[in-house]
Amino acid sequence: MKTVMLLGGTKGVGNEILKSCLIKGYNVAFCGRDEKLGNQIVEASEFKDHLYFHKIDLNSINGIEDYYNQTIKKFNKIDALIVYAGITPVASIIDTDEEVYDKIFNVNLKAPYFLLKHVLKSMMNNKSGSIVFFGSAHMDYGQEDRAPYALTKSTLYTLSNHIAHHYAKYGIRSNYLVMGWTNTEGEIQLRAEEGVSENELKNKAKDIIPMGRMLSPFDPVPAVMYFISDNSAMTTGSLMRITGGEYI
C-alpha cells in the first residue's frame, strides 16, 4: 500500500487528490492551519484509518520535521510527496513589502524545501519515491502583479529538475505539473476581495483561456495519480501543462 504525503490537502485540488488517493487504497498524510477542518475531513471519511492530519503553519518551518516524523510513525514510509500548498498574493515588484515577500517565499518555497530535506532521506533508504511539484504558468515571467509568486514557482521548477537529475540513482522521480487558472476556494476568495464574483471570474476566464473555461479542482488530479503510480516508473524531470492552452 502506497503512502502519499501532501503539503496542503484540506482544500481545492489538494483535497481532490486526497480523495482520489483514498479511493485507490493509499494512505494519505495531509496538513493545514485549520485544525477543525482537517479533523472534519478525517472524521467524515469512510477511510479514516488511512488518513493522518497534521496542523501546521507553513509560514514557519518549526513544525515541518514533526509533520514528517508523525507521518512515518503512522504509516512507516512515504512513497509520494505532493507539493501543492501555496499562496498567490497580488504584488508587483514596485509595491511588494518585505512581509508579503517573506510570506510568499516561506509558504511556497522554504516549507517545501525543508520538508524535502527529510522526505528525500526516507525515499533514498527505500530506493524509490515520487515527488510532484504544483507549478504555474507564472514560472516563465508571470503577470506584472504576481512577481514574488512567479519567482517561487520558477525556483520550484529548478528544484524539481535538480532532484530528478541528482536523485534518480536512488530510484526517486520528480516532476513538475503546471496548473492553469483554477476555480479553487483560494482563487474565488482572492477575486472576491477585488470585487469580482465567481460568475464574473468564469466569464472573464472563458474569454482568455483557449479551451474556453477555467480548470475545475479535479482537472489536474488524473495527472497527479499517474505520477504517483508505478505506470510512471521511468518518468522524471518532466513538465506537464494542464492549463487549457493558457500561457502567461
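A residue counts as exposed when its relative accessible area is over 50% and as buried when that area is under 20%, with partly exposed in between. Asn76, at 63% relative accessibility, is therefore an exposed residue. Keep those cut-offs handy as you look around this predicted model. The protein has 248 residues, and its fold contains 8 helices and 7 strands.

**The overall picture**

- For 248 residues, a compact globule would have a radius of gyration near 18 Å, and the protein's 17 Å agrees with that.
- Measure along the principal axes and the C-alpha trace spans about 45 × 40 × 35 Å.
- Buried residues account for 51% of the 248 in the protein.
- Take the contacts with a separation of 6 or more: 71% of them join residues 24 or more positions apart.

**Surface and charge**

- About 12,100 Å² of the protein is exposed, and carbon and sulfur atoms supply 49% of that area.
- On the charge side, you'll find 26 positive and 28 negative side chains.
- The centres of those two sets of charges lie 8 Å apart.

**Aromatic pairs**

- A pair of aromatic rings is described by how far apart the centres are and by the angle of the planes.
- Searching the whole structure turns up 7 aromatic pairs.
- One of them is Tyr84 with Phe134, an edge-to-face pair with 5.1 Å centre to centre and 90° between the planes.
- This pair links distant parts of the chain, since its two residues are 50 residues apart.
- Tyr84 is in the loop between β4 (80–83) and α4 (98–126), while Phe134 belongs to strand β5 (residues 129–136).
- Tyr84 and Phe134 are both buried.
- Tyr113 and Phe114 make another edge-to-face pair, with 5.4 Å between centres and 65° between planes; that angle earns the label because edge-to-face means over 60 degrees.
- Tyr113 has a relative accessible area of 47%, so this residue is partly exposed.
- Phe114 is partly exposed too, with a value of 28%.

**Two residues to find: Ser136 and Leu37**

- Ser136 sits in strand β5, and at 4% relative accessibility this serine counts as buried.
- Setting aside neighbours within four places in sequence, Ser136 is in contact with Tyr149, Lys153, Tyr176, Val178 and Met179.
- Leu37 is part of helix α2 (residues 35–44).
- With a relative accessible area of 21%, Leu37 is partly exposed; the label follows because buried means under 20%.
- If you skip residues up to four places away in sequence, Leu37 touches Thr10 and Lys11.
- Leu37 and Ser197 are 160 residues apart along the chain, and their C-alpha atoms are separated by 24 Å.

**Positive phi angles**

- Most residues other than glycine have a negative phi.
- Asn76 isn't a glycine, yet its phi is positive, at about 75°.
- You can spot Asn76 in the loop between α3 (64–75) and β4.
- Lys127 isn't a glycine either, and its phi is also positive, at about 60°.
- Look for Lys127 in the loop between α4 and β5.
- Lys127 has a relative accessible area of 54%, so this lysine is exposed.

Definitions and conventions
Residues numbered from 1 in each chain as written. Predicted model: local features only at pLDDT ≥ 70, side-chain atom pairs only at ≥ 80, totals over all residues. Heavy atoms only, no water. Phe/Tyr/Trp six-rings, centres within 6.5 Å; stacked < 30°, edge-to-face > 60°. Helix = DSSP H or I, 4+ residues; strand = E, 2+ residues; numbered from the N terminus. Buried < 20%, exposed > 50% of the residue type's maximum accessible area, 1.4 Å probe, protein only. Rg over C-alpha atoms; globule rule 2.2 N^0.38 Å. Contact = heavy atoms within 4.5 Å. Areas by Shrake-Rupley, 256 points an atom, 1.4 Å probe, with all protein chains shown as cover. Lys, Arg positive; Asp, Glu negative; His and termini not counted. Charge placed at Lys NZ, Arg CZ, Asp CG, Glu CD.
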